[in-house]
Amino acid sequence: MRKIISKVIYVSMPFSLMACNLNPTQNAAVDTYSGPTDSTYNICYESIMDRDSVFFNALIYGDSIKGSLGYKLYEKDQNNGSVLGTIHGDTIRALYTFMSEGQESTREIIFLQEDKQLVEGYGTMEERNGRTMFKHNIAFRFDGIRLKEVNCK
């Protein structure tokens, strides 16, 4: 029983610690990378152009991803929230749960990793179960905001 409890604590600790660092206004993440064979590591990206900024910080564990995303776009409402999803090859697909205008919303997001950058993707969306989701079997356009890879602090 003691071994089970210690395994649960060991597995859940990075997520508990990460919750303290889910402020998307900075590039913070828990440094959990231990070597070239480790499949758990952090990624941090940002885009700062004129008066707009976007911050993406996440922990990757296997093919799963959990982190934070924040949009500060000039003359638009600021969105800050959490990301939970999966990685397939060079594509991150996740649910983004965020606060905007005092209301919580969830929408699906997709990013393509290319040349130490993340490129936001777009596609036709629909409302399903209170969430804004991509329609099934659609083609994505990866011509959105480009975030460059930065060091996690």
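Glu114 is partly exposed, with 29% relative accessible area (buried means under 20%, exposed over 50%, partly exposed in between, using a 1.4 Å probe and protein chains only). This residue forms a salt bridge with Arg146, and the closest N and O atoms are 3.0 Å apart (a salt bridge is a side-chain nitrogen of Lys or Arg within 4 Å of a carboxyl oxygen of Asp or Glu). The model is predicted: local features need pLDDT of at least 70 and side-chain atom pairs count only at pLDDT 80 or more, while totals for chains, interfaces and linings use all residues. Residues are numbered from 1 along each chain as its sequence is written, and side-chain values use heavy atoms, with hydrogens and water left out.

**Salt bridges**

- The search of the whole structure finds four salt bridges.
- Glu114 lies in strand β6 and Arg146 in strand β10, so their salt bridge ties together parts that are 32 residues apart in sequence (helices, H or I with at least four residues, and strands, E with at least two, are DSSP runs numbered from the N terminus).
- Arg146 is partly exposed, at 41% relative accessibility.
- Arg93 and Glu108 meet through their side chains in another salt bridge, with an N to O distance of 2.8 Å.
- That pair links distant parts of the chain, with Arg93 in strand β5 (residues 91-100) and Glu108 in strand β6 (residues 103-114), 15 residues apart.
- Arg93 counts as partly exposed at 31% relative accessibility, whereas Glu108 is buried at 9%.
- Arg141 and Asp143 form a salt bridge whose closest N and O atoms are 3.7 Å apart.
- Asp143 is exposed, with 52% relative accessibility, and Arg141 is partly exposed, with 48%.

**Disulfide**

- The structure has one disulfide (a pair of cysteine sulfur atoms within 2.5 Å).
- A disulfide is a covalent bond between the sulfur atoms of two cysteines.
- Cys44 and Cys152 are the partners, with an S to S distance of 2.1 Å.
- The link of Cys44 and Cys152 is right-handed, with 115 degrees about the S-S bond.
- Cys44 belongs to strand β1 and Cys152 to the segment after β10, so the disulfide ties together parts that are 108 residues apart in sequence.
- Cys44 is buried, at 1% relative accessible area, while Cys152 is partly exposed, at 30%.

**Strand pairing at β10**

- Strand β10 (residues 146-149) pairs with strand β1 (residues 40-49) in the antiparallel sense over two bridges (two strands pair if DSSP finds at least two bridges between them).
- In the pairing with β10, Glu46 stands opposite Lys148.
- Strand β7 (residues 117-120) is joined to β10 by three bridges, and these strands run antiparallel.
- Leu118 stands opposite Leu147 of β10.

**Surroundings of Asn79**

- Asn79 is placed in strand β4 (residues 79-88).
- The relative accessible area of Asn79 is 14%, so this residue counts as buried.
- The side chain of Asn79 makes a polar contact with the side chain of Ser100 at 3.0 Å (a pair of N or O atoms within 3.5 Å; within protein, one must be able to donate a hydrogen and the other to accept it, and residues adjacent in sequence count only if both atoms are side-chain atoms).
- Not counting residues up to four places away in sequence, Asn79 touches Leu69, Gly70, Tyr71, Tyr96, Phe98, Met99 and Ser100 (contact means heavy atoms within 4.5 Å).
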